[in-house]
Amino acid sequence: MKLTLNHVQEDILTEKMLLTINELRALKKFSFKFLVVKVNGVLVLRDQYDTVTVKEGDFVEIIHLISGG
Amino acid sequence: MQFQEIQQILSKRVVGIAGCGGLGSNAAVALARVGIGKLILADFDTVELSNLNRQYFFIDQIGAPKVTALQTTIAKISPATAVDAHIMKLDPETIVALYRSCDVLIEAFDKAEMKEMIIETALLRLPGLPLISGVGMAGWGRNDRIRVEQTGKLFIIGDGISEADEEHPPLAPRVGVVSNMMANVALDILLGSEKE
């Protein structure tokens, strides 16, 4: 599945046509706990990570939030 | 633009700062120095000795609420800057109530879960409000890793990877770089020079 992830073109190795946010996180081994996720510019909330899906051509941003300030 | 003209524009602008630790206190002072009209500060904490390695406080302010200490300091730098100081722990409701009328909001929390909370709240409930967030500034050095990332009206500043912990404390130079970059992006927005 070809998509733009964090402004980089990526080809995600999967047989599926749709991936949930959590499936994409697992495939990319993104382990940070706190995130801001946007798909095609639309915010995806934490309780939607198992239901909202991405597909070929989507523009996906997964921003990791870490402590310190 | 001459400084007088810059000051004239900024004197009519309001910036919200959520959290007045390393990022918030330094960004607040930078914005006060250039003559921002009003700052809305919120933080529940008091000044401790361990804060002085990076936060804009003084020895004689230890024990004072951070927002009132900062209000006193700003009055000595820029008496024309109005400061609304709120001693409180912010949640989605109070974030919307306090910051809905701001021109720019600066997220300056310490904990990642609070950063997530305020970004979600702002994007969902204050969609027109530019939000500047600091992510990744622990340790020292690596100036070249610190950058600004923009998505819509959200600006994220930091290196994105240096998490603060016991072995990687946040320190004045790097926290100062990120907090001043946050204030600098705020100026870009307020003076109308930011890229959409």
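The following exchange concerns cysteines, a helix pair and two backbone angles in a predicted model.

Colleague: How do you know that B:Cys20 is in no disulfide?

Modeller: A disulfide requires two cysteine sulfur atoms within 2.5 Å. The closest cysteine sulfur to that of B:Cys20 belongs to B:Cys102 and is 12 Å away, so the separation is too far for a bond. B:Cys102 is likewise in no disulfide, its nearest cysteine sulfur being that of B:Cys20. Over all chains, the structure holds zero disulfides.

Colleague: What makes B:Cys20 and B:Cys102 count as buried or exposed?

Modeller: The term buried applies under 20% relative accessible area. B:Cys20 has a value of 0% and is therefore buried. B:Cys102, at 8%, also falls under that cut-off and is therefore buried.

Colleague: Why is the arrangement of α4(B) and α5(B) called oblique?

Modeller: Two packed helices are described by the angle between their axes and the distance between the axes. Here, helix α4 (residues 92-99) and helix α5 (residues 112-125), both of chain B, have axes that come within 10 Å and cross at roughly 55°. Angles under 35 degrees count as roughly parallel, and 65 to 115 as roughly perpendicular. The crossing at roughly 55° fits neither class, and α4(B) is therefore oblique to α5(B). The crossing is right-handed.

Colleague: Which residues make the contact between these helices, and what is their character?

Modeller: From α4(B), the contact involves B:Pro92, B:Glu93, B:Ile95 and B:Val96. From α5(B), B:Met117, B:Ile118, B:Thr121 and B:Arg125 take part. These residues comprise five nonpolar, one polar and two charged. B:Glu93 and B:Arg125 are the charged ones, since Glu and Arg belong to that class.

Colleague: What makes the phi angle of A:Lys29 notable, and where does this residue lie?

Modeller: The phi of A:Lys29 is positive, about 55°, although the residue is not a glycine. A:Lys29 is found in the loop that runs between α1 (21-28) and β4 (34-39) of chain A.

Colleague: Why is A:Lys29 called exposed, whereas A:Asn40 is called partly exposed?

Modeller: Exposed means over 50% relative accessible area, and partly exposed lies between that cut-off and 20%. A:Lys29, with 70%, is therefore exposed. A:Asn40, at 44%, falls in between and therefore counts as partly exposed.

Colleague: What is the phi of A:Asn40, and in which loop is the residue placed?

Modeller: A:Asn40 has a phi near 50°, which is a positive value in a residue other than glycine. Its place is in the loop between β4 and β5 (42-44) of chain A.

Conventions
Residues are numbered from 1 along each chain as its sequence is written. Chains are lettered from A and ligands numbered from 1 in the order in which they are written. This is a predicted model: local features need pLDDT of at least 70, side-chain atom pairs count only at pLDDT 80 or more; totals for chains, interfaces and linings use all residues. Side-chain values use heavy atoms; hydrogens and water are left out. Buried means under 20% relative accessible area, exposed over 50%, partly exposed in between (1.4 Å probe, protein chains only). Axes are lines fitted to C-alpha atoms, for helices over the stretch in contact, and angles run from 0 to 180 degrees between N-to-C directions. Helices (H or I, at least four residues) and strands (E, at least two) are DSSP runs, numbered from the N terminus. Angles under 35 degrees count as roughly parallel, over 145 as roughly antiparallel, 65 to 115 as roughly perpendicular and the rest as oblique. A crossing is left-handed if the near helix is turned anticlockwise from the far one by less than a right angle, and right-handed if clockwise. Contact means heavy atoms within 4.5 Å.
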